[in-house]
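Please read the following report alongside the sequence and the coordinates. It takes up backbone geometry, then the sheets, and then the pockets.

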Amino acid sequence: TPLPQSGNERPRVFRLERDQAVINRYGFNNHGLEKIAARLAQRRRIGVVGANLGANKESEDRIKDFVAGIRRLEGLVDFYTVNISSPNTPGLRALQDKSALTQLLSRVLAARDALKVKAPVFLKIAPDLVDADKADIAAAITDQKIDALIISNTTISRPAWLKSAHAVEKGGLSGKPLFALSTKMLAEFYLSLKGRTPLIGVGGISSLDDAYEKIRAGASLVQLYTALIYK
C-alpha cells in the first residue's frame, strides 16, 4: 500500500491444523511503498520477485493507490499483482464490479505502459463470485489485455466439514479446503477466456497431483503458500 498501515488487531492468523488450512485477517499490514521500494533497490537480482499491490484502508481513491505502486516499483520487480480480492479490506472486492474493474485496469495498464521498464501485470480475484461477476471479469480482462489472471485469493466461505476449532474465525480461508472451489473457478475461466489470457492456479496445492490438477484445469503456472507450513 502507498502509506504504511498496521493491519487488523491481533490475533489475526489462525492455523487449522486438522484441516491443513489457515484463516488470516492481516489487513495489508506493511511499512508502505517507500520503505518497500528502498529494500527492493538494495536486493541482489536473484530469482523472480513480484509485488502484491494493495490499496490503503482509508484511501479515497483506491485506483490511484494501485497506480502509485506500479510507478514507484518500476524496474524493482519482475511482475505486479493487482490484488482486489482480499476479504480483509472493507469494500476492496467492490473493484471486481465490471465498470470499476474496467477503470482500474485501464489506469493501471496505462501507467505501466508509460514506463521504460514494462513488467507484466497480473490480476488476482476472489473465489466467492457469482456467475454474473465471472462474466463481467472475463469481459473486462479481455478488453484490457492483462498479462495473467490469478485464481484465486482466499475464501470467506466455510465448508461444513471443517474440523478445527478456529474455523469460526473471520477472515480468508486458504489451504486444502480452498482447493476444490478455486480449481472449479479456474476451469470455468479457462473455458470462458479460450486461452486468450494465461491463468495462474492458486489454492490448496499440497502435492504433485494437486498441481497437475490445476494444470489440467487450465493453469499455465501455479503458486502455493499454506502447504509450506504443513509440509
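Is Lys-194 buried or exposed? In this predicted model, Lys-194 is exposed, with a relative accessible area of 64%.

## Unusual backbone geometry

Lys-194 lies in the loop between α5 (179-193) and β8, and its phi is near 55 degrees, a positive value in a residue other than glycine. A positive phi of about 55 degrees is also found at Gln-20, again not a glycine, which sits in the loop between β1 and β2. Gln-20 is partly exposed, with a relative accessible area of 26%. These values deserve a note, because most residues other than glycine have a negative phi, and most peptide bonds are trans.

Cis peptide bonds occur in the model as well. The bond from Arg-10 to Pro-11 is cis, with omega near 0 degrees, and Pro-11 belongs to the segment before β1. The bond from Ile-151 to Ser-152 is likewise cis, with omega near 15 degrees; Ser-152 is part of the loop between β6 and β7.

## The parallel sheet

An open sheet of 6 strands follows the order β3-β4-β5-β6-β8-β9, and its pairing is parallel. At its edges stand β3 and β9 (221-223), each of which pairs on one side only, and neighbouring strands are turned by 25 degrees against each other on average, when direction is ignored. In general, the strands of a sheet pair through backbone hydrogen bonds, either parallel or antiparallel.

Strand β6 (residues 148-151) can be followed through its partners on either hand. Strand β5 (residues 121-125) is joined to β6 by 4 bridges in the parallel sense, and in β6 the bridge partner of Ile-125 is Ile-151, the residue from which the cis bond to Ser-152 runs. Together with helix α4 (residues 131-144), β5 and β6 make a right-handed β-α-β unit. Parallel pairing also joins β6 to strand β8 (residues 199-202), here over 3 bridges, with Ile-150 standing opposite Ile-200 in β8. From β8 the sheet continues to β9, again in the parallel sense and over 3 bridges, and Val-202 stands opposite Gln-223 in β9.

Which residues of β6 lie on each of its two faces? Ala-148 and Ile-150 are on one side and Leu-149 and Ile-151 on the other, and since all of them are buried, both faces of the strand are covered. This arrangement can be read against the general pattern that, in a regular strand, the side chains alternate between the two faces of the sheet.

## The antiparallel sheet

A further open sheet has 3 strands in the order β1-β2-β7, with antiparallel pairing. Its edges are formed by β1 (13-16) and β7, each of which has a single partner strand, so that one side of each is left without a neighbour in the sheet. The twist from one strand to the next averages 20 degrees. Between β2 and β7, which run antiparallel, there are 4 bridges, and Ile-23 has Leu-173 as its bridge partner in β7.

## The two largest pockets

The largest pocket holds about 830 Å³ of space. It is lined by 38 residues, of which Asn-24, Lys-124, Asn-153, Thr-154 and Tyr-225 lie nearest its centre. The elements that give two or more residues to this lining are β2 (21-24), β3 (50-53), β4 (79-83), β7 (172-175) and α7 (227-230). By class, the lining of the largest pocket contains 16 nonpolar, 19 polar and 3 charged residues.

The second largest pocket has a volume of about 340 Å³, and its lining comprises 19 residues, of which Thr-1, Asn-30, Ile-36, Asn-52 and Leu-53 lie nearest the centre. At least two lining residues each come from α1 (33-42), β3 and α2 (62-72), and the largest share, 4 residues, is supplied by β3. This lining is made up of 10 nonpolar, 8 polar and 1 charged residues. Strand β3 therefore appears in both descriptions, as one of the elements giving two or more residues to the lining of the largest pocket and as the source of the largest share of the lining of the second largest pocket.

Notes: Residues are numbered from 1 along each chain as its sequence is written. This is a predicted model: local features need pLDDT of at least 70, side-chain atom pairs count only at pLDDT 80 or more; totals for chains, interfaces and linings use all residues. Side-chain values use heavy atoms; hydrogens and water are left out. On a 1 Å grid over the protein atoms alone, a cavity is a set of points where a 1.4 Å probe fits but cannot get out, and a pocket is an open set with protein on both sides within 12 Å along at least five of seven lines; lining residues have an atom within 4 Å of a point. Grid points are joined across faces, edges and corners, and a volume is the space filled by probe spheres set on the points. Ala, Val, Leu, Ile, Met, Phe, Trp, Tyr, Cys and Pro count as nonpolar, Asp, Glu, Lys and Arg as charged, and the others, Gly among them, as polar. Buried means under 20% relative accessible area, exposed over 50%, partly exposed in between (1.4 Å probe, protein chains only). Two strands pair if DSSP finds at least two bridges between them. A crossover is right-handed if, with the strands pointing away from the viewer, the path from the first strand over the helix to the second runs clockwise. Axes are lines fitted to C-alpha atoms, for helices over the stretch in contact, and angles run from 0 to 180 degrees between N-to-C directions.
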